[in-house]
Amino acid sequence: MKGGTVQINWHGTKPVLTLDFHPISGLLATGGADFDIKLWLINSGEAQKKIPTSTYQNSLSHHCSAVNTLRFSKSGDLLASGADGGELIVWKLHSTETGQTWKVLKNLSFHRKDILDLQWSPDGAFLISGSVDNSCIIWDVNKGSVHQLLDSHFHYVQGVAWDPLTKYVASLSSDRTCRVYMNKPQLKTKAVEKMNYVCQHVIAKTEHQSADDSKSSKNHLFHDETLPSFFRRLAWSPDGSFLLVPAGSHKIPPASDAVNTAYAFSRKDFSRPALMLPGASKPVVAVRFCPMAFSLRESDSAGFFKLPYRLIFAVATLNSLYIYDTESAPPIAILAGLHYAAITDIACICCRAQERPGS
């Protein structure tokens with residue numbers, strides 16, 4: 001594997017809190033504590049065998065506070081950004097005679113406090129956001145209004161994720177729970193169903209049996225509110241087969257020390273983790289998938305996840321980045337010592353020529 005680093009003070013002396021790649025053009029958007037969103041063109045340098053470079057394009061300046069999260073829609077024509085104070089803006093891409101420009105489409109107002117994470121529905125018609133006000137909100141973007149309020153958490157909601165198969169949405173909070181909501185549509189008229197998400201699973205603890213099977217105990221799966229980060233960004237795999245959840249803290253009695261980890265839950269069973277990814281020296285704060293699927297290295301090897309193709313994902317701790325694929329248990333790469341401050345977000349650029357399952 002070859003790589004390089006691009007080191008730039010992109011937001012002056014302020015922290016960069018979030019970033020995302022445009023799904024088609026590869027344009028990079030970054031948001032920071034300087035209240036600004038900046039757009040960058042990234043040249044990997046691979047064709048010229050040079051180090052990667054970045055070229056500043058322009059800024060989207062409308063927020064009045066720190067930008068904590070931003071995400072492009074799957075089609076790439078919309079960008080949503082959430083900030084302190086409950087600011088949530090939807091930007092739309094417009095074509096002009098001189099090129100393309102982003103303009104404010106909607107200001108979505110209802111959250112009372114800072115928005116920490118958001119994600120688009122697969123069709124780009126809805127958004128889900130999580131906030132310091134302990135709630136998640138599903139937004140109807142076209143109407144510019146709240147579609148549904150999910151207020152089951154008892155502390156900050158620091159991560160949200162929308163199932164690519166649209167059956168579930170998930171949220172992760174510093175109340176030490178991950179909640180999975182199932183869509184149970186309500187009949188609005190005789191011909192139209194209204195999307196309606198109901199809490200179906202509360203993932204909080206796991207039961208451990210002692211060595212002699214005489215006693216069992218329940219232990220928390222996740223870090224409490226003392227985790228030194230405002231972000232617990234979880235993610236569904238691109239095929240929806242499993243949910244990857246950060247901020248894991250696994251403890252097996254009688255051991256006194258907990259192990260930092262990320263959990264993988266099968267969409268078929270949220271009662272217990274299907275897989276743990278332990279070994280990080282610092283807590284896991286974000287996970288993210290490459291949107292592409294790759295062919296297996298060996299035709300008869302499906303790995304731990306038993307998939308007919310290979311998915312690649314990143315697990316970010318406060319100070320390092322682990323790259324995994326679904327065909328092997330150990331990470332395929334570990335990157336550390338590259339940041340001067342805690343990691344807050346990760347993103348993956350999508351190649352134009354996407355490799356399909358089985359190709």
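Which residue takes a positive phi in the hairpin of S2 and S3?

## The hairpin of S2 and S3

In this predicted model, the residue in question is phenylalanine 35, whose phi is positive and near 75 degrees, and the hairpin to which it belongs has four residues between its strands, S2 and S3. Strand S2 covers residues 28-32 and strand S3 covers residues 37-43, and the two run antiparallel, joined by four bridges. As an example of how residues face each other across this pair, alanine 29 stands opposite leucine 39 in S3.

## From S3 to S4

Strand S3 also pairs with strand S4, which spans residues 53-60, and this pairing is again antiparallel, extending over seven bridges. Within it, leucine 41 has threonine 55 of S4 as its bridge partner. When following these strands in the structure, it helps to remember that in a regular strand the side chains alternate between the two faces of the sheet.

## The second largest pocket

The second largest pocket has a volume of about 940 Å³. Its lining is made up of 28 residues, and those closest to the centre of the pocket are Lys74, Gln119, Pro238, Arg288 and Pro291. By residue class, the lining divides into 17 nonpolar, six polar and five charged residues.

Several strands take part in this lining: S1 (16-21), S5 (67-72), S9 (115-120), S21 (235-236) and S25 (284-294) each supply at least two of its residues. Among the contributors, S25 gives the most, with four residues in the lining of the second largest pocket.

Methods:
Residues numbered from 1 in each chain as written. Predicted model: local features only at pLDDT ≥ 70, side-chain atom pairs only at ≥ 80, totals over all residues. Heavy atoms only, no water. 1 Å grid on protein atoms, 1.4 Å probe; cavity = no way out; pocket = protein on both sides within 12 Å on 5 of 7 lines; lining within 4 Å. Points joined across faces, edges and corners; volume = space filled by probe spheres on them. Nonpolar A, V, L, I, M, F, W, Y, C, P; charged D, E, K, R; others polar. Pairing = 2+ DSSP bridges.
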